[in-house]
Amino acid sequence: MKDNDNAIEVRNVTKQFKVYYDKGSELKEKLLFWKRNKFEYRNVLNNISFEIKKGEAVGLVGRNGCGKSTTLKLLTRIIYPNSGEIQMRGRVSSLIELGAGFHPDMSGRENIYTNAAIFGLTKKEIDERLEDIITFSELEQFIDNPVRTYSSGMYMRLAFAVAINVDADILLIDEILAVGDANYQAKCFNKLREIKANGTTIVIVSHSLGQIEQICDRSIWIKDGIIEMEGRPKDVHMEYLNYMNQERIDQQERERTKAQMQEMQDRERQREMEERRKKRRYGSADAEFTDIAILDEAGEAKSTFKTGDKMLLDLSYKMNKRVDDAVFGFGIFRNDGLWCYGTNTRIDRLEKFSIVRDGNYKVLLDDVSLIPGQYWIDITIEWGEGNPVDYYKKALEFEVVSNTEDVGVVRLPHKWTLKL
């Protein structure tokens, strides 16, 4: 690195971070599962190199996660590269993170002294610049208030005012100009042009390509941790925008393909469900169940009941062909297959009937005294002596809950009489 015309030289820099998959967040987790902290090394920057001349303004562009802000933090020495070299010539001032270097309980005035001292100014130098910093920040009436009472825009004003008044040779800015009102942003841009004209080297990270084109002589496009292109801002930005537009088109195509795959999977799942449903149903299909539901006492669809609740089976069917000597029935089974109860219209001695049109029948269970558990219901349409028309196994499912602890299948009404 011998070119003294360069303010910044970056040579073959690689930066990687350790990314954890299941790192414990609590002390107990860290102690108990200390061997489970799986991680991988992820390269954010891969062997990048570039130079920036003294007095040159350069913009770093690229999509989120490409390594722009990491590059700027390496230049400020907030972090260090895993390999490679970085040479910075001159005093460096940076606006990397809003409010960085500010103490929230100190006043704006006190933070000016602290922040400027971090950039290497003596107290005498800060005293000489104090009024210029306060005036540029436009925070005269708030300067002695604690900065924790400042808005984000006020933070930005104070930080920017300090950074540009430390007579830095190199100024590094990361998206900081996105904060603040339009008038103050314009004021900041004018000041940047002024300090650039006075020979300050500027590096800006921004998603606002227009801002970079107003200030910068050159743009560097970082893509997936490597430098994809550098040159005149408008040329670089045109290629970058073309790439992002193609990415957007490709993403739309990927989403469209994903949606089509999901639709195919949904159709296949529906087909499989229909096949499973058909396997649970058999009979002549002269009549078929259509809409079926379990309702509570209020007529609302429900799948959880308390022991002793009322339950209403609401079963609709369609006729495909006349069914004479029809029989409707149902059976309740526990989830282990135990047959808990079953009956039909013949067992209950209802008058004989035929199915001649679409219809509906309901069964009201006044007292579902089943012990808590999971249950299903088979429903049937038959004719004659048990000939299936539509036998629908596991047509409906429900759960019974209770705060008592008796066991078995059903709760039988009982009373205790004790003579002790």
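## Close-up views of a predicted model

**View 1. An open sheet of six strands.** In this predicted model, six strands form an open sheet in the order S5-S6-S7-S3-S8-S9, and the pairing within the sheet is mixed. Strand S5, residues 92–95, and strand S9, residues 226–231, stand at the edges with a single partner strand each, so one side of each is left without a neighbour in the sheet. From one strand to the next, the twist averages 15°.

**View 2. The pairing of S5 with S6.** Strand S5 pairs with strand S6, which covers residues 170–174, in the parallel sense and over four bridges. For a reader who wishes to find this pairing in the model, Val 92 offers a starting point, since it stands opposite Ile 170 in S6.

**View 3. Helices lying across the six-stranded sheet.** Helix H5, made up of residues 152–163, lies across S5 and S6, and it runs at about 165° to S5. Helix H6, made up of residues 182–197, lies across strand S3 (57–61), S6 and strand S7 (201–205), and its direction is at about 145° to that of S7. Strand S6 is thus a element that both views of these helices share, as H5 lies across it and H6 lies across it too.

**View 4. Helix H2 and the residue that follows.** Of the nine residues of helix H2, which spans residues 68–76, seven are buried, so the helix is largely enclosed by the rest of the structure. The buried residues in H2 are Lys 68, Thr 70, Thr 71, Leu 72, Leu 74, Leu 75 and Thr 76. Just after H2 comes Arg 77, which takes a positive phi of about 65°.

**View 5. The surroundings of His 237.** His 237 has its place in helix H8, which runs over residues 233–279. With a relative accessible area of 1%, His 237 is buried, because residues under 20% are counted as such. The side chain of His 237 makes a polar contact with the side chain of Glu 213, at 2.8 Å. When its neighbours within four places in sequence are left aside, His 237 is in contact with Val 61, Leu 209, Ile 212, Glu 213 and Ser 219.

**View 6. An open sheet of three strands.** A further open sheet has three strands in the order S11-S13-S16, and here the pairing is antiparallel. Strand S11, residues 287–295, and strand S16, residues 359–368, stand at the edges with a single partner strand each, so one side of each is left without a neighbour in the sheet. Neighbouring strands of this sheet are turned against each other by 20° on average, direction ignored. Strand S11 and strand S13, the latter covering residues 309–319, run antiparallel and are joined by seven bridges. Within this pair, Ala 293 stands opposite Asp 314 in S13.

**View 7. The whole chain, as a setting for the close-ups.** The protein chain contains eight helices and 18 strands, and its C-alpha trace spans about 105 × 65 × 45 Å along its principal axes. The radius of gyration of the protein chain is 38 Å, whereas a compact globule of 420 residues would have one near 22 Å. Buried residues make up 39% of the 420 residues. Among the contacts in the protein chain with a separation of 6 or more, 70% are between residues 24 or more positions apart. The accessible surface comes to about 24,500 Å², and 49% of this surface belongs to carbon and sulfur atoms.

Key. Residues numbered from 1 in each chain as written. Predicted model: local features only at pLDDT ≥ 70, side-chain atom pairs only at ≥ 80, totals over all residues. Heavy atoms only, no water. Pairing = 2+ DSSP bridges. Helix = DSSP H or I, 4+ residues; strand = E, 2+ residues; numbered from the N terminus. Axes fitted to C-alpha atoms, helices over the stretch in contact; angles between N-to-C directions. Contact = heavy atoms within 4.5 Å. Rg over C-alpha atoms; globule rule 2.2 N^0.38 Å. Buried < 20%, exposed > 50% of the residue type's maximum accessible area, 1.4 Å probe, protein only. Areas by Shrake-Rupley, 256 points an atom, 1.4 Å probe, with all protein chains shown as cover. Polar contact = N/O pair within 3.5 Å; in protein donor to acceptor, adjacent residues only side chain to side chain.
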